[in-house]
Structure formats: C-alpha cells, structure tokens
Amino acid sequence: MRSPTRTRSDMKTNEKVTRILIVDRDRPDAALIDCAASIIRRGGLVAFPTETVYGLGANASDPRAVAAIFEAKGRPSYNPLIVHVSDLEMAWSCVSNPPAVFERLAPRFWPGPLTLVASRSDRIAANVSAGLATVAVRMPANAVARALVEHSGVPIAAPSANRSNRVSPTTAEHVLKDLNGLIDAVLDGGPCALGVESTVLDLTGSIPAILRPGPISAQAIEAELGFAIRDFEPLDSSREQAFKKSDHQEQLIDVGRGDIAMKSPGTSAVHYAPRTRATRIEAERIGSIEWTGRVGLLVLGDHPIDLLLERTDRREVPAVRIDLRDPVAAAEAFYRTLHEFDELALDEIVIVLPPDRREWLAVRDRASRAARPYQIKT
Ligand code: TXA
Ligand code: MG
C-alpha cells in the first residue's frame, strides 16, 4: 500500500517546499538571514526584497545555481541578470577594468536603485550575462537584501522574482503567486519602498547610456558626472506600429529600438503584462473608450479625467478606478495595482498613460510594456 505522505520520488523534479522567512525590513533577524544565506551558498534559490522590487537570487559565481533562476522564471536564456553586491570591494570583484565613470558613480549612488553595466570578471558565471562580455551590477539599499548578500559572502544574481513576462513583485505574496513550489525560500520583508526596477546605465560605450529608466534620472547622473549622457529613448507610437506581433510574447520582436533592445533584451516590448487583457491610452482619448464588460481603469497622472468623461455621453463607467496622481506614489503602487486588478476577474484593464514628462519616464515605460495600445473602435 502506498503511504499517504509523498516521498521525494513522487514529487515532480521542480517541485519544492518554499520556506517563508518573515523578517523586519530594517533590522532583519540574523538567524533567518543565515538560513537564507546557507541556501544561496548551497546553490539554491532565495527571493528577497530590495528597495525596488523583489529579486530571485542565486550565487552569481555558480553557473548551475544561475541556470536554476532561468528555469524557475521560465526566462529566455538570452536575457541577462543583475548582480547584487553588499559593498564596493565586492562590486570591483565582479567587473574587470571598470571605466572611471563606474568608480565615480558607484560610491555616489550606492546603495541605491542604479545598475551599472561594465566588463564582466571571471568571478561571475557567464550565464549570468547570457553570454555577453559585460555584467550589470548594483548595491541595493534594502537592509534585508544587503544582509543576505553579505552573509552569503558571494555576489547574488537576481532578476525580478516573477515568472518571465509577468508583473514584477513588490510583496512576498506576489512572489509566491508566481513561484511557490519552484524556489527554496522567500525572505518576506514587507512591501518594496520604490516599486519600480532600478535604472540600468550602460558604461561600456563612449557615452554612458540609460538602457532602462528608473528611480535615478539621467539628470541626476549628469549632475554628478558634469557632462551629458544618453537618456532613455521611449518607444513612440509610430515606431510601435512596426512591432511584429505574435501571440507568444517572448517572440515579440522589437524592431523600433534595435540597438538598445539587443544590448539589454529585458527592455523589449510588452514585458510586464498582467494576466487580464490590458490596454493603454493617452488621457485626451479617454472619451473613445467603450466600457464593455467589467473594466478596471488605472489613471496615471493628474489628468482631468472626469471632465473628459463628462464630454462624452456614455452611461457605462469602469467597474474599478484607481488614480495615481504623483510620479513617486504611482511608481510605488503601479505593479501592486496591476496585481490587485488581476484578482478582480475583470474583462479588461485600461491604463491611462501619465504625461510625457521626465518625472514620469520610468512609470510611462513600465505602463507601455504592461499593455498594448487601445484600439479605438470606429
Ligand atoms: O531593481 C532591479 O533592478 C531589480 C531588483 C531585483 O534588483 N532587478 C531587475 O532585474 O529588474 P530584471 O532581470 O527583471 O531586469 C534586468 C535588466 C534587464 O532589462 C536586462 O536586460 C538588463 O537589466 N541587463 C542585465 N544584464 C545586462 C547587461 N550585461 N547588459 C545590458 N543590460 C543588462
Ligand atoms: Mg523583470
């Protein structure tokens, strides 16, 4: 007779019991951090909070541990990972011959949400960088993240802790929704303070270039360097028409911004999609929306939405509406709101894009990747 308790051999090979380690965000319990650190040293996977989003971590020097990240996320092997360090010395050990700008920016912006891309050292497994000769490095500001890296004693490769192409996690619950049973542990340090991923800055060319906009702006970097850098170039709608669409999101080919997309594959189109069908629209066009079914409306920016809606004589209204008026608050709540909308059995999510202004660059970028353009019915 078979025993009712499942033995190891009954379990699917990728099925694990994910431990949930609840820690204080600012003063994490050392015993729990040690437990997580020993999982990392053994080649396991631990999700942890950072000030931006939760990361899914593994020892960046161990190619098998790194391969397990790609496996658990279902991440295509061509999309490189960010390496997290706990101090500057560890950062220098991840890169080879860092340019002068690296040495200038790291101490100024770290710990914090700026990721620097430079030449990769031998300490970092090649699959971290998906075969590129470069590596992306950052020192997170979150105390849990820092303690985990420090106690592990190794740099930790960590993409956002979501399944590939899904909404980034800003709480441990979001992580478990996607990865429960696929990873060894999650350190639950509460919600992330910033809510959008770090700024990614490429330092391998003649001029530093922002590959992904985030909490640290081009202007802040320029103020430190004293010269102009290449700011992020958003997708514009005319270029967007040129995207080759396919049902399989991973096959979306970004033909509009070839060089950046190739340097940083994670910046390709539709990348952070909720499960619910999601579309986006500029505020001025909100009057064209047909409210069929249960629509969740997410308004980004301080637009006169009520006025714009009143001008149309539509009776139907959205089933749920969330307004995020200020760019910092909107960044913090953006992914969380998409996760919440996904729980509401909506027929559609409509995102009203924020103004096309600097302070909204990161949120506008993430909104453009979470949703396709709204097709106005004629
Ligand atoms: O805030 C963050 O950066 C979070 C937390 C966990 O630190 N991490 C994160 O990782 O957003 P992920 O994997 O979701 O995004 C990594 C981004 C992608 O756009 C990827 O293409 C880019 O960084 N990247 C990584 N390594 C790179 C490299 N060597 N060269 C250029 N871009 C790179
Ligand atoms: Mg991600």
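**Exercise 1. Place Ser 160 in the chain and decide whether it is buried or exposed.**

Step 1. Ser 160 sits in the loop between strand 7 (156–157) and helix 6 (172–179). Helices (H or I, at least four residues) and strands (E, at least two) are DSSP runs, numbered from the N terminus.

Step 2. Ser 160 counts as buried because its relative accessibility is 16%. Buried means under 20% relative accessible area, exposed over 50%, and partly exposed in between (1.4 Å probe, protein chains only).

Step 3. The side chains of Ser 160 and Asn 162 are joined by a polar contact of 2.6 Å. A polar contact is a pair of N or O atoms within 3.5 Å; within protein, one must be able to donate a hydrogen and the other to accept it, and residues adjacent in sequence count only if both atoms are side-chain atoms.

Step 4. Leave out residues up to four places away in sequence; Ser 160 then touches Val 53, Tyr 54, Gly 55, Leu 56, Lys 73, Ser 168 and Pro 169. Contact means heavy atoms within 4.5 Å.

**A note on the model.** This is a predicted model, in which local features need pLDDT of at least 70 and side-chain atom pairs count only at pLDDT 80 or more, while totals for chains, interfaces and linings use all residues. Residues are numbered from 1 along each chain as its sequence is written, chains are lettered from A and ligands numbered from 1 in the order in which they are written, and side-chain values use heavy atoms, with hydrogens and water left out.

**Exercise 2. Describe the surroundings of ligand 1.**

Step 1. Count the shell. Ligand 1 is surrounded by 28 residues, and the closest are Thr 52, Arg 75, His 84, Ser 198 and Arg 212. A residue is near a molecule or strand if one of its heavy atoms lies within 4 Å of it.

Step 2. Sort the shell by class. It has 13 nonpolar, ten polar and five charged residues. Here Ala, Val, Leu, Ile, Met, Phe, Trp, Tyr, Cys and Pro count as nonpolar, Asp, Glu, Lys and Arg as charged, and the others, Gly among them, as polar.

Step 3. Find which element gives the largest share. Strand 6 does, with four residues.

Step 4. Look at polar atoms. Thr 52 has a polar side-chain atom 2.6 Å from an oxygen atom of ligand 1. For Arg 212, a polar side-chain atom lies 2.9 Å from an oxygen atom of ligand 1. For Asn 79, an N or O atom in the side chain is 3.3 Å from an oxygen atom of ligand 1.

Step 5. Check the cover. On its own, ligand 1 has 680 Å² of accessible area, and the protein covers 98% of it. Accessible areas come from the Shrake-Rupley method with a 1.4 Å probe; for residues, only the protein chains shown count as cover.

Step 6. Name the elements. Strand 4 (82–84), strand 6 (134–138) and strand 10 (209–212) are those that give two or more residues to the shell.

**Exercise 3. Find the partners of strand 8 and the directions of its side chains.**

Step 1. Start with strand 1 (residues 19–22). It runs parallel to strand 8, and four bridges join them. Two strands pair if DSSP finds at least two bridges between them. Arg 19 has Ala 185 as its bridge partner in strand 8.

Step 2. Go on to strand 2 (residues 46–48). It pairs with strand 8 in the parallel sense over two bridges. Ala 47 has Val 186 as its bridge partner in strand 8.

Step 3. Follow the side chains of strand 8 (residues 185–188). Ala 185 and Leu 187 point one way, Val 186 and Asp 188 point the other way, and all are buried.

**Exercise 4. Give the strand order of the open sheet and name its edges.**

Step 1. The open sheet has five strands in the order 13-12-14-11-15, with parallel pairing.

Step 2. Strand 13 (320–324) and strand 15 (372–373) are the edge strands, as each pairs on one side only.

Step 3. Strand 11 (residues 278–281) and strand 15 run parallel, joined by two bridges. Arg 280 has Pro 373 as its bridge partner in strand 15.

**Exercise 5. Examine the backbone at Pro 111 and Asn 97.**

Step 1. Recall the background. Most residues other than glycine have a negative phi, and most peptide bonds are trans.

Step 2. Trp 110 and Pro 111 are joined by a cis peptide bond, with omega about -5 degrees. Pro 111 lies in the loop between helix 4 (100–109) and strand 5 (114–119).

Step 3. Asn 97 has a positive phi, near 45 degrees. Its place is in the loop between helix 3 (88–94) and helix 4. Asn 97 counts as exposed because its relative accessibility is 72%.
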